[in-house]
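Biologist: Could you take me on a close look at how the helices pack in this model, starting with one helix pair and then working through the interior? I'd be glad of one connected account.

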Amino acid sequence: MDLTNPLVYGGPAFIIFILLELAYSKSHEEHHDLYDWKDLFASGFMGVGSAILAAALKVISAIVIFEFVFELCNPEVNGVNTNLLGYESFGYAWYVWLLCQLADDFTYYWFHRANHEIRILWAAHIVHHSSDNFNLGTAVRNGWFTLLYKPLFYMWMPAIGFEPEMVVFCLGIEALWQFQLHTVLLPKLGIFEKFMNTHTMHQVHHAQNVEYLDKNHGGFLNIFDRMFGTWLPLDDSIDVKYGVIHAPNSNNPIVILTHEFKDIWMDMKKSKKLSHKLMYIFGPPGWSHDGSTMTVKQQQRQFKQYAKNNPKKSFERPN
């Protein structure tokens with residue numbers, strides 16, 4: 001089946017919607033500070049670079065990796081691709097598309113969560129969270145290095161029998177949904193909040209408030225966040241602060257892309273133990289061998305204890 005990646009049409013649509021949101025924000029006083037020009041240009045530069053790299057790497061990820069895995073695990077037997085476990089590959093029936101999109105959503109959840117919980121992956125993903133603004137411009141502020149390892153998370157899908165081009169198509173649909181989540185201009189969506197990953201949930205995901213850190217990793221759905229303990233709805237009583245704890249404090253795209261890798265290198269030099277160096281690379285962000293910085297889970301435990309003992313006082317972040 002000859003399929004066109006939805007992002008071919010999504011790219012121009014992204015630009016149009018960013019311009020519409022920008023125009024709306026500048027014409028409404030209550031949203032006048034939604035965009036910062038330098039921040040928007042930095043996001044746009046990284047979005048264009050990501051799109052160019054994605055187009056180049058698509059040949060490797062979709063055609064080489066996914067095709068190789070599919071052919072390896074679903075060799076042709078009597079003219080039919082048959083999985084090593086003995087059943088025919090799934091084909092293109094309508095229900096297979098639904099199953100593929102669900103499998104994509106499940107994979108996206110774990111891919112996204114890993115980007116937040118493994119520091120070397122966070123160094124690549126932090127780019128997307130590095131803006132202090134939450135808008136459609138931030139949606140295209142994507143790290144370039146994530147493109148190198150993202151396909152590895154999805155290899156299991158062609159391995160069990162999903163057609164490679166179907167997997168790529170579902171990845172594109174997921175990206176379209178993720179783009180439009182990055183806005184504060186839409187309210188909560190009623191019954192859809194029960195099972196969908198919505199705009200307000202993604203506001204939580206982009207917040208640096210301690211209680212909101214590492215929440216709502218889902219793609220289309222929030223069911224996997226609910227199942228695995230990372231779901232949290234937006235609390236209207238909390239003043240949301242967007243961005244990251246250790247921001248690059250720069251609109252230079254090179255600094256934004258590399259600053260966390262530099263921080264990892266600096267942290268690795270703090271200890272001579274190999275185990276410590278490996279933890280600074282593969283451990284959770286914030287881990288330190290001497291307790292000088294804290295992981296998200298450590299901060300949230302401290303936050304809960306502090307809130308219990310000092311309900312009327314604000315919590316001072318430890319690092």
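**Helix packing and the buried interior**

Modeller: Happy to! In this predicted model, helix 11 passes helix 12 in a right-handed crossing. On the helix 11 side, the contact is made by Ile-264, Asp-267 and Met-268, and helix 12 answers with Lys-277, Tyr-280 and Ile-281. Sorted by class, that contact holds 4 nonpolar residues, no polar ones and 2 charged ones. Helix 11 spans residues 253–268 and helix 12 spans residues 274–282; their axes lie 9 Å apart, at an angle of about 165°. Since an angle over 145 degrees counts as roughly antiparallel, helix 11 is therefore roughly antiparallel to helix 12.

Now let's turn to another pair, helix 4 (residues 119–129) and helix 6 (residues 146–154). Their axes come within 10 Å and cross at roughly 120°, so helix 4 and helix 6 are oblique to each other. The crossing of helix 4 and helix 6 is left-handed. Here Leu-121, Ala-124 and His-125 of helix 4 meet Thr-146, Tyr-149 and Phe-153 of helix 6. By class, the contact of helix 4 with helix 6 has 4 nonpolar and 2 polar residues, with no charged ones.

Helix 4 is also mostly covered, with 10 of its 11 residues buried. Among the buried residues are Leu-121, Ala-124 and His-125, the three that meet helix 6. Also buried in helix 4 are Arg-119, Trp-122, Ala-123, Ile-126, Val-127, His-128 and His-129.

From there we can step into the nonpolar interior. The largest nonpolar core has 20 residues, and those touching the most other members are Phe-66, Cys-100, Tyr-154, Met-157, Phe-162, Met-166 and Val-167. Two or more residues of this core come from each of helix 2 (37–73), helix 3 (94–117), helix 4, helix 6 and helix 8 (164–180). Helix 3 supplies the largest share, 7 residues. Tyr-154 is worth a pause: leaving aside neighbours within four places in sequence, Tyr-154 is in contact with Phe-66, Asp-104, Thr-107, Tyr-108 and Leu-171. Apart from this core lies another one, of 10 residues, which includes Phe-14, Ile-18, Tyr-35 and Leu-136.

Two loop residues round off the tour. Leu-181 sits in the loop between helix 8 and helix 9 (199–205), and with 0% relative accessibility it counts as buried. Beyond its neighbours within four places in sequence, Leu-181 is in contact with Phe-134, Asn-197, Thr-198, His-199, His-202 and Gly-219. One of these partners, His-202, is 21 residues away from Leu-181 in sequence, yet the C-alpha to C-alpha distance is 6.3 Å.

The other loop residue is Ser-89, placed between strand 2 (80–81) and helix 3. Its relative accessibility is 14%, so Ser-89 counts as buried, the cut-off being under 20%. Again leaving aside neighbours within four places in sequence, Ser-89 is in contact with Phe-70, Asn-74, Asn-81, Asn-83, Gly-161 and Glu-163. Ser-89 and Ala-159 are 70 residues apart in sequence, and their C-alpha atoms are 9.4 Å apart in space.

Methods:
Residues are numbered from 1 along each chain as its sequence is written. This is a predicted model: local features need pLDDT of at least 70, side-chain atom pairs count only at pLDDT 80 or more; totals for chains, interfaces and linings use all residues. Side-chain values use heavy atoms; hydrogens and water are left out. Axes are lines fitted to C-alpha atoms, for helices over the stretch in contact, and angles run from 0 to 180 degrees between N-to-C directions. Helices (H or I, at least four residues) and strands (E, at least two) are DSSP runs, numbered from the N terminus. Angles under 35 degrees count as roughly parallel, over 145 as roughly antiparallel, 65 to 115 as roughly perpendicular and the rest as oblique. A crossing is left-handed if the near helix is turned anticlockwise from the far one by less than a right angle, and right-handed if clockwise. Contact means heavy atoms within 4.5 Å. Ala, Val, Leu, Ile, Met, Phe, Trp, Tyr, Cys and Pro count as nonpolar, Asp, Glu, Lys and Arg as charged, and the others, Gly among them, as polar. A nonpolar core is a set of buried Ala, Val, Leu, Ile, Met, Phe, Trp, Tyr and Cys residues joined through side-chain atoms within 4.5 Å. Buried means under 20% relative accessible area, exposed over 50%, partly exposed in between (1.4 Å probe, protein chains only).
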